[in-house]
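Visitor: Please show me the sequence and the structure. I should then like to ask about helix packing and charged pairs.

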Amino acid sequence: MSELPGVLASRSRYYYTATGLVLCLILVSWGGVVTSIEAGLAVPDWPSSFGSYDPIATGYSDPANPDARWWQVGPILAEHGHRLVGALVGLWTIGLALWTLATDSRRWVRIVAISAVGLVLIQGLLGGLRVIWISTDLAVVHAMGAQLFFGTVAALTLFNSRIWFEHSVGDSPDIRQLRILTISTVIAVYVQILLGALLRHSGDGIEVNFIVVHVIGSIVALSLIIITYGYIRENFRTKPVLNRGACWMVFCVALQIALGVISLIVLLYESGHEAMSIMQVVLSSSHLVVGTVLMGICTCVTLGTLRLQSGQ
């Protein structure tokens, strides 16, 4: 069977992009740990680290222990390690953009790749300003920017996959209705992640009213995902991008709700403790990662509704 046009050329780029997607998840989870252990200001300066621009040695020193190194101090390892992984993601993104510009004839894919570079640069700047200005608000904006960047990388992974080259949908009332559903779902999930970010960065303990809003939002997002899943299974069962995406949406939202409930129970049980336990950190970060994956999947399903038969 002969390859579809562009599949051979983009296959290696697909694997490169998919690898970067995993790297992005590592970065998101690392950021979750930084927030959970309140290590966002463990390195007090930016773009230098303890006055040094050497990313490995840094300028860290401990007068009480001259032999101590930055990676031996938990909060500093978390914060500076997050910066190092972020820099790696930035270099990876630039590499992807250059590769796409050089080899991909699809103008709109090239635009998305360039946009990814812009997003990752903005993310780095936001993370740095959050440290310089000691701003919790910027921490929330930084967290939400990470979701947009991950969605962009997920889209680029999809655009380079074989399944995308084989996929198309006809313009019909059904696809237009599905498009409305998927866009609404993406918005609902994004708002939920925003509410979660506000909860994580509040620093004021458990705010009952805010948790109630978050729970109501999760019910809305869950309802939209279930409706979207049912609509796709009924009308677009033969479209793998939509059908598989819908199944993964349901799986992720179920896992997300389970993690959220368990996290809340553990948080309430350990509410008297001064610091987060390892269990809280793991659950909170896992909840964040699954939410990010769900956002990426919802984005890809939405994009699947936009690829009309005349599209490339």
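**Helix packing and salt bridges**

Guide: The crossing of α4 and α6 is right-handed (the near helix is turned clockwise from the far one by less than a right angle). This is a predicted model, in which local features need pLDDT of at least 70, side-chain atom pairs count only at pLDDT 80 or more, and totals for chains, interfaces and linings use all residues. Residues are numbered from 1 along each chain as its sequence is written, and side-chain values use heavy atoms, without hydrogens and water.

Visitor: Is α4 roughly parallel or antiparallel to α6?

Guide: Helix α4 (residues 136-159) and helix α6 (residues 173-200) pack at about 150°, with axes 9 Å apart. Angles over 145 degrees count as roughly antiparallel. The two helices are therefore roughly antiparallel.

Visitor: How many salt bridges does a search of the whole structure find?

Guide: A salt bridge requires a side-chain nitrogen of Lys or Arg within 4 Å of a carboxyl oxygen of Asp or Glu. One such pair is D171 and R176, at 2.9 Å from N to O. The search of the whole structure finds five.

Visitor: Which residue forms a salt bridge with R13, and is that residue buried or exposed?

Guide: The closest N and O atoms of R13 and its partner D104 are 2.5 Å apart. R13 lies in helix α1 and D104 in the loop between α2 and α3, so the pair ties together parts 91 residues apart in sequence. D104 has a relative accessible area of 6%; buried means under 20%, exposed over 50%, and partly exposed in between (1.4 Å probe, protein chains only). The partner is D104, and D104 is buried.

Notes. Axes are lines fitted to C-alpha atoms, for helices over the stretch in contact, and angles run from 0 to 180 degrees between N-to-C directions. Helices (H or I, at least four residues) and strands (E, at least two) are DSSP runs, numbered from the N terminus. Angles under 35 degrees count as roughly parallel, over 145 as roughly antiparallel, 65 to 115 as roughly perpendicular and the rest as oblique.
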